[in-house]
Amino acid sequence: MPHFAEGIARFQREVFPAKAGLFARLATAHRPGTLFIGCSDARVVPELITQTDPGELFVIRTAGNLVPAHTPGTDGVTAAVEYAVTVLGVRDIVVCGHSACGAMTALAEGHDLSTAPAVAAWLRHADASLARAAIGGGTVDVAALVRENVAAQLANLATHPSAARALAAGEVRLHGWVFDIADGTVEELPATASPVLAA
Ligand SMILES: [Zn+2]
């Protein structure tokens, strides 16, 4: 494992003391205001992009920042969404896509995923995203698919009873973002990009 011991030592020596008061408060309190749903991609680091402190973001990261639509039964994403919304009472939910997303590229370019069947199955949660991005025929533009996918996952999110209830009560707001790795920009997609946001 590269540099982890060195990094932990530096954290304990330099970073933790500088935030000792914050960590003392956080030791007994967990009240993040935002649920951040991003891609597992190592280049997309929520706290770095938003310059937030520990305790501010409740984070779910999945391949392709996908949020499966609600189904009976449970899974890790559903449980995390429910916990964030119902127990922690987050006021904002961000779904953040990004440039050069491997998951979206695989879908847009029709990569052979036969050696990664679980990945292939997981990416089916982006079927609606792909269908929307493929309107007009021809090749699917990765950047366009990334945007459509953020909108589609916001719609999926709203099918979860916990999120649906909070949205109906006006207790939570949804945001769709796209992070560009090359230039560091974060674009907030217009409300009209998602029927959920427009509601
Ligand atoms: Zn990605």
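## Overall size

What radius of gyration does the protein have, and what would a compact globule of 199 residues have? The protein has 18 Å, which agrees with the value near 16 Å for a compact globule of 199 residues. This radius is taken over C-alpha atoms, and the globule rule is 2.2 Å times the number of residues to the power 0.38.

This is a predicted model, in which local features need pLDDT of at least 70, side-chain atom pairs count only at pLDDT 80 or more, and totals for chains, interfaces and linings use all residues. Residues are numbered from 1 along each chain as its sequence is written.

## Secondary structure and burial

The protein comprises 10 helices and 5 strands (DSSP runs numbered from the N terminus: helices are H or I with at least four residues, strands are E with at least two). Of its 199 residues, 31% count as buried (20 or more other C-beta atoms within 10 Å of the residue's own; exposed means 12 or fewer, partly exposed in between; C-beta atoms are placed from the backbone).

## Helix α1

Helix α1 covers residues 4-18. The count of buried residues among its 15 residues is 0.

## The nonpolar core

The largest nonpolar core has 43 residues (buried Ala, Val, Leu, Ile, Met, Phe, Trp, Tyr and Cys residues joined through C-beta atoms within 7 Å). Ile37 and Leu157 have the most contacts inside this core. Among the elements that give two or more residues to the core are β1 (34-39) and α8 (142-157); α8 gives the most, with 7 residues.

Leaving aside neighbours within four places in sequence, Leu157 is in contact with Val67, Val81, Ile93, Val95, Ala163 and Leu174 (contact means C-beta atoms, placed from the backbone, within 7 Å).

Notes:
The expected span of a helix is 1.5 Å times one less than its number of residues. Two residues are in contact if their C-beta atoms, placed from the backbone, lie within 7 Å.
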